[in-house]
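User: Could you take a close look at one part of this model for me, the stretch around the start of the chain? I'd like one connected walk-through.

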Amino acid sequence: MNVFIRLFEQIIEWLHMVSNDYGVAIVIITIAVRLLLIPLNIKQRKSAGKQKEISEKVDAIRKEYKNDKEKQEKELAKIYSENGTGMGGCLTSLIQMPIMICLYNAIRHITAIECGTILLPWVSSLLVRDQYFILPIATLVVQALPQIYPYLSMFSVLKLQKQPGGAVVALLVMNGIFTFMLPTGVGLYYFVSGLFQSAEQFIYNMICVR
């Protein structure tokens, strides 16, 4: 993984030479990596949708043949043989994770340098925290957006899974504590990554509806 971390660091340094701003470099490389990961994200979402359909069929079979175990097992085996094990979504997640970890570590190493950015003029350095909490709050907002999509009437036809309110609040609180403690450089990465992911999910939902 160190090889990929150094590669990302070199790319960030090159982007810094071009833009003369580490904040801009972080935004560009974050968006670039997220764009490259779109095919994997689409595959993962399709796999999750397929897995949901399989689960619904399995539940229906278990309910229909609850008094006939032999028939139930036969029908379940047929469902699994036709649709596979559903490991595709897990594999795409495993591929994405190391990439994002390497990018995170590269940005963390780069932002150890004392410097500011024109993107966040109220912050003196990417090394310090946002004392006005503007960036952390904005990050929490974009992270919360995907949790709101299932409640939007325009996406009702998709029957998106609604997370329990308590779980959403707990997740946002944990993310909030973590985000508020980050140096601004890493916080900028989290904001851009979260914003891109929220926009990507929104567009994907719109395409599915149409």
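Analyst: Here is a walk through the first helix, its neighbour and the loop between them. This is a predicted model, so local features need pLDDT of at least 70 and side-chain atom pairs count only at pLDDT 80 or more, while totals for chains, interfaces and linings use all residues. Residues are numbered from 1 along each chain as its sequence is written, and side-chain values use heavy atoms, with hydrogens and water left out.

Let's start with Val3, which sits in helix H1, residues 2–19 (helices are DSSP runs of H or I, at least four residues, numbered from the N terminus). Val3 is exposed, at 55% relative accessible area (exposed means over 50%, buried under 20%, partly exposed in between, with a 1.4 Å probe and protein chains only). Together with Phe4, Leu7 and Ile11, Val3 makes a nonpolar surface patch of about 370 Å² accessible area (patch members have over 30% relative accessible area and no salt bridge, meaning no Lys or Arg side-chain nitrogen within 4 Å of an Asp or Glu carboxyl oxygen, and nonpolar side chains are joined within 5 Å, like charges within 9 Å).

Moving along, Asn20 lies in the loop between H1 and H2. Asn20 is exposed too, with 62% relative accessible area, and has a positive phi of about 60 degrees despite not being a glycine. Most residues other than glycine have a negative phi.

Past that loop comes H2, residues 22–36, which packs against H1 at about 130 degrees, with the axes 8 Å apart (axes are lines fitted to C-alpha atoms over the stretch in contact, and angles run from 0 to 180 degrees between N-to-C directions). H1 and H2 are therefore oblique to each other (under 35 degrees is roughly parallel, over 145 roughly antiparallel, 65 to 115 roughly perpendicular, the rest oblique).

Methods. Accessible areas come from the Shrake-Rupley method with a 1.4 Å probe; for residues, only the protein chains shown count as cover. Helices (H or I, at least four residues) and strands (E, at least two) are DSSP runs, numbered from the N terminus.
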